Amino acid sequence: MTAAKHKVTLTGVSETALLTLNSRAREARRPDAVLDDPMAIALVDAIDFDFAKFGNTRQDMALRARAFDLHTGRYLQAHPAATVVALAEGLQTSFWRLDAAIADPQFRWITVDLPPVIELRSRLLPTSPRISAVAQSALDYSWMDRVDPEHGVFITAEGLLMYLQPEQALELIAACAARFPGAQMLFDLPPMWLAALTRRGLPASRRYRIPPMPFSRTPSQLAALSDTVAGVGTVHDLRLPPGRGMLFNTVLGLSYQLPLLDWLRGALTLLEFAPSNAAAT
């Protein structure tokens, strides 16, 4: 007997959680997948939703998830008992991929997202004593009170900052730097041209329009955060892992080699916050 599927209704930016989930699941089903994500497949199979409305999927969303795993994992290798704070996590399954990849995992995980998304995660995803959920906006900084910084803090904002107003995004970064000196924060932004098109009403398919992305910066512009946002120490412009196909990898490689093409590629940015003594000077 087939188990009943869970009816899911999300709107606005929260609905992009289903878009990215569908992209990861479709990628994970491929024999030449760039991301191993069996839980994403199980989630899509358990959800009653018209995923076809999103149109075609691309490997870049799966590569983004893989990149976040890679750099979060590197931090956890150096700080095994750290706390990872996943802002606006949506239906990402990063915890379980990292939990399976790390020997004797000790890290703790805090998911911060709006109540409808947290309710959906609680219905569909496994529990763990090392996972906590905070049902509120990432812009309600009271989530910071739930974070124990003793063993290190790594903050992820996968698919979040682009949907904020520029002042909100920069204030969030500054608030994290002030509250968690010495921590790190990883976020991504779309290419400048794509963000501009979404503000004009870019359709992803005949039945779905991508929400506007008010905040966009080139990697070169983001390098200035260490000079313009208090508490930001070092800014790292990171590369996506290699994908599938010679053409894809050639174009991606050129975009990193030629600064004039900054506006053509998205940004994957790792911030190292200044330690408390440096932030105070």
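A residue is called buried when its relative accessible area is under 20%, exposed when it is over 50%, and partly exposed in between. The legends below use these words for a predicted model.

**Figure 1. A salt bridge between Glu158 and Arg64.** The closest N and O atoms of Glu158 and Arg64 are 3.5 Å apart. This pair joins distant parts of the chain, 94 residues apart: Glu158 sits in the loop between strand S6 (153–157) and helix H6 (166–179), and Arg64 in helix H3. Buried or exposed: which word fits Arg64? Arg64 counts as buried because its relative accessibility is 14% and the limit for that class is under 20%. Glu158, at 9% relative accessibility, counts as buried too.

**Figure 2. The largest cavity.** The structure holds 1 cavity of 30 Å³ or more. The volume of the largest cavity is about 90 Å³. Its lining is made up of 13 residues, and those nearest the centre are Phe68, Ala86, Ser94, Thr156 and Glu158. Glu158 is thus shown here again, having appeared as the salt-bridge partner of Arg64. Helix H3 (59–78), strand S3 (83–87) and helix H4 (94–101) each contribute at least two residues to the lining. Which of these elements gives the largest share? H3 does, with 3 residues. Sorted by class, the lining of the largest cavity holds 6 nonpolar, 4 polar and 3 charged residues.

**Figure 3. The second largest pocket.** This pocket encloses about 170 Å³ of space. Among the residues that line the pocket are Trp96, Thr111, Arg121, Pro126 and Ala133. Helix H5 (115–124) and strand S5 (131–135) each supply at least two lining residues. H5 gives the most, with 3 residues. The lining of this second largest pocket divides into 6 nonpolar residues, 4 polar and 1 charged.

**Figure 4. Salt bridges elsewhere in the chain.** In total, the structure holds 17 salt bridges. One of them brings together the side chains of Lys53 and Glu15, at 2.7 Å from N to O. Lys53 lies in the loop between strand S2 (47–48) and H3, while Glu15 lies in the loop between strand S1 (6–7) and helix H1 (16–28); the two are 38 residues apart and link distant parts of the chain. Both Lys53 and Glu15 are buried. Another salt bridge joins the side chains of Asp60 and Arg58, with 2.9 Å from N to O. Asp60 is partly exposed, at a relative accessible area of 24%. Arg58 is also partly exposed, at 47% relative accessibility. A further view takes in Arg24, Asp37, Asp69 and Arg97, which are linked in a network of salt bridges.

**Figure 5. The open sheet and its strand order.** How many strands form the sheet? There are 7, in the order S5-S4-S3-S6-S7-S11-S10, and their pairing is mixed. S5 and strand S10 (232–237) stand at the edges with a single partner strand each, so one side of each has no neighbour in the sheet. From one strand to the next, the twist averages 20 degrees. S5, at one edge, is also among the elements that supply residues to the lining of the second largest pocket.

**Figure 6. Strand pairs around S7 and S11.** S6 pairs with strand S7 (residues 184–189) in the parallel sense over 4 bridges. Within this pair, Ile155 has Met185 in S7 as its bridge partner. S7 and S11 run antiparallel and are joined by 6 bridges. Here Leu189 stands opposite Ala267 in S11. S11 (residues 267–273) is largely enclosed by the rest of the structure, because 6 of its 7 residues are buried. The pairing of S10 with S11 is antiparallel as well, over 5 bridges. In that pair, the bridge partner of Thr234 is Glu272 in S11.

**Figure 7. Ser216 and Leu189.** Where in the chain is Ser216 placed? Ser216 lies in the loop between strand S9 (208–209) and helix H8 (219–222). At 8% relative accessibility, Ser216 counts as buried. The C-alpha atom of Ser216 is separated by 6.2 Å from that of Leu189, 27 residues away along the chain. Leu189 is the residue that stands opposite Ala267 in the preceding view.

Notes:
Residues are numbered from 1 along each chain as its sequence is written. This is a predicted model: local features need pLDDT of at least 70, side-chain atom pairs count only at pLDDT 80 or more; totals for chains, interfaces and linings use all residues. Side-chain values use heavy atoms; hydrogens and water are left out. On a 1 Å grid over the protein atoms alone, a cavity is a set of points where a 1.4 Å probe fits but cannot get out, and a pocket is an open set with protein on both sides within 12 Å along at least five of seven lines; lining residues have an atom within 4 Å of a point. Grid points are joined across faces, edges and corners, and a volume is the space filled by probe spheres set on the points. Ala, Val, Leu, Ile, Met, Phe, Trp, Tyr, Cys and Pro count as nonpolar, Asp, Glu, Lys and Arg as charged, and the others, Gly among them, as polar. A salt bridge is a side-chain nitrogen of Lys or Arg within 4 Å of a carboxyl oxygen of Asp or Glu. Buried means under 20% relative accessible area, exposed over 50%, partly exposed in between (1.4 Å probe, protein chains only). Two strands pair if DSSP finds at least two bridges between them. Axes are lines fitted to C-alpha atoms, for helices over the stretch in contact, and angles run from 0 to 180 degrees between N-to-C directions.
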